[in-house]
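This report walks through one protein model, strand by strand and contact by contact. Keep the structure open while reading.

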Amino acid sequence: RVSFKLDEGLVRAVDGTSFDVMPGQVLGVVGESGCGKSTLARLILGLHEPDSGDITVEGQRVVAMDRKARARLIQPVFQDPFSSLNPLARVRDIVAMPLVAQGTFSRAEIARNVDEMLSRVGLSAEQGTRLPSELSGGQRQRVAIARALVLRPRIVVCDEPTSALDVSVQAQILNLLQDMKDRYGLTLIFISHDLAVVKTISTRVMVMYLGKVCEVATPDELYSNTKHHYTRALVASVPIPDPTKKPAGGRIEGEPPSPMNPPSGCRFRTRCPMASEQCANEEPQLREVAPGHFVACHHPA
């Protein structure tokens, strides 16, 4: 759990979220804006401290680690490649920064690792001498991926890494992330609002709404056997590239409630077509409805 104090009140950004990720998996985290995805990413990276609860990797508490140890374990790829890179630094120096910050690598080791990583992400030695402003959005995101992987971390947290890119470039970055995952044995936490992208890359998908987990399942199970009414509406909203097909049903009515004053019981009940008195009085807990398929709903579809 983590909350933030504002003049208007207390925002419960992440409120009792529990999940696990197995080595080598890609956990896709989806939900509309304001559901707590990015706050969850910052918690995992140690950029926020939880109000309660803990984040552990193989028994090690992330919050208790020093910054250098945490950097060797977990690295981020942020959403906006135009603001996540130092505009005054050359690409080589940006990629080298995690190695320099460790203070244990020689100049020759740093140069060798930077050269290798630039090559792995598809950037030339000449591009390594440029400033970020001289690169395209896709090339900048490749720099961000190289910077994240140069320390060979175990876990990479990707916070909407393709949302600021053109569709054709998105596919290239997704293929690159998949290739890097296989090559280095990475575990990815992939945060996005785009269910089509998440289905492409994820091993498991976790759906969030207003700081809570609604549903967890494999991508195929989630799309073919959707149980939570919020997830069903999200899946129905994915565009189908066929002009002869009518849009699927499942439109969500109304606006999301304020995170400073969430509804009692189920947080989705004010927008759910199946809401009952039980939904108002009792908060649903995640329960397994099929092997590996969990849902927090009193009246699953």
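A residue counts as buried when its relative accessible area is under 20%, as exposed when that area is over 50%, and as partly exposed in between. By that cut-off Arg204 is buried, because its relative accessible area is 15%. The model is a predicted one.

## Strand E9

Arg204 belongs to strand E9, which spans residues 204-209. E9 is mostly covered: six of its six residues are buried. Its side chains point two ways. Arg204, Met206 and Met208 point one way. Val205, Val207 and Tyr209 point the other way.

E9 has two pairing partners described here. With E3, the pairing is parallel and runs over four bridges. In that pairing, Val29 stands opposite Met206. With E10, the pairing is antiparallel and runs over five bridges. Here Val207 has Glu215 of E10 as its bridge partner.

E9 and E10 form a hairpin, with two residues between the strands. In this hairpin, Leu210 takes a positive phi near 55°.

## The loop before E3

Gln25 sits in the loop between strand E2 (9-14) and E3. Is Gln25 buried or exposed? Gln25 is buried, because its relative accessible area of 15% is under the 20% cut-off. Beyond its neighbours within four places in sequence, Gln25 is in contact with Leu186, Thr187, Leu188, Thr203 and Arg204.

Asp20 lies in that loop between E2 and E3 too. Which residue does Asp20 form a salt bridge with? The partner is Arg204, with the closest N and O atoms 3.1 Å apart. This pair links distant parts of the chain, 184 residues apart. Asp20 is partly exposed, with a relative accessible area of 42%, whereas Arg204 is buried.

## The loop after E3

Glu32 lies in the loop between strand E3 (26-30) and helix H1 (37-44). Leaving aside neighbours within four places in sequence, Glu32 is in contact with Lys37, Tyr209, Tyr230, Pro256 and Arg271. Val207 is 175 residues from Glu32 in sequence. In space, their C-alpha atoms are 9.4 Å apart.

One of the contacts of Glu32 is also a salt bridge: Arg271 pairs with Glu32, and the closest N and O atoms are 3.3 Å apart. Arg271 is in the loop between H9 and helix H10 (277-281), and the two residues are 239 residues apart. Arg271 counts as buried because its relative accessibility is 11%, under the 20% cut-off. Glu32, at 23%, counts as partly exposed.

## Salt bridges

Side chains of opposite charge can pair when their charged atoms come close. How many salt bridges does a search of the whole structure find? The search finds 14 salt bridges. Three of them are set out below.

| Pair | Closest N and O atoms | Apart in sequence |
|---|---|---|
| Asp20 and Arg204 | 3.1 Å | 184 residues |
| Arg271 and Glu32 | 3.3 Å | 239 residues |
| Asp115 and Arg92 | 2.4 Å | 23 residues |

The Asp115 and Arg92 pair joins two helices. Asp115 is in helix H4 (residues 107-120) and Arg92 is in helix H3 (residues 91-102). Asp115 is partly exposed, with a relative accessible area of 39%. Arg92 counts as partly exposed too, at 25% relative accessibility. Elsewhere, salt bridges that share partners join Arg1, Asp15 and Arg267 into one network.

## Helix H9 and the rings

Helix H9 covers residues 229-236, and six of its eight residues are buried. These are His229, Tyr230, Thr231, Ala233, Leu234 and Val235. What covers the buried residues of H9? The cover includes helix H7 (195-201), strand E9, strand E10 (212-217) and helix H8 (219-224).

Tyr230 of H9 also takes part in an aromatic cluster, together with Tyr209 and Phe268. A search of the whole structure finds three aromatic pairs. Tyr209 and Tyr230 are also both in contact with Glu32.

One more ring has a charged neighbour. Lys199 lies over the face of Tyr223, at 4.5 Å from the ring centre.

Technical notes
Residues numbered from 1 in each chain as written. Predicted model: local features only at pLDDT ≥ 70, side-chain atom pairs only at ≥ 80, totals over all residues. Heavy atoms only, no water. Contact = heavy atoms within 4.5 Å. Buried < 20%, exposed > 50% of the residue type's maximum accessible area, 1.4 Å probe, protein only. Phe/Tyr/Trp six-rings, centres within 6.5 Å; stacked < 30°, edge-to-face > 60°. Lys NZ or Arg CZ within 6 Å of the ring centre and 35° of its normal. Pairing = 2+ DSSP bridges. Salt bridge = Lys/Arg side-chain N within 4 Å of Asp/Glu carboxyl O.
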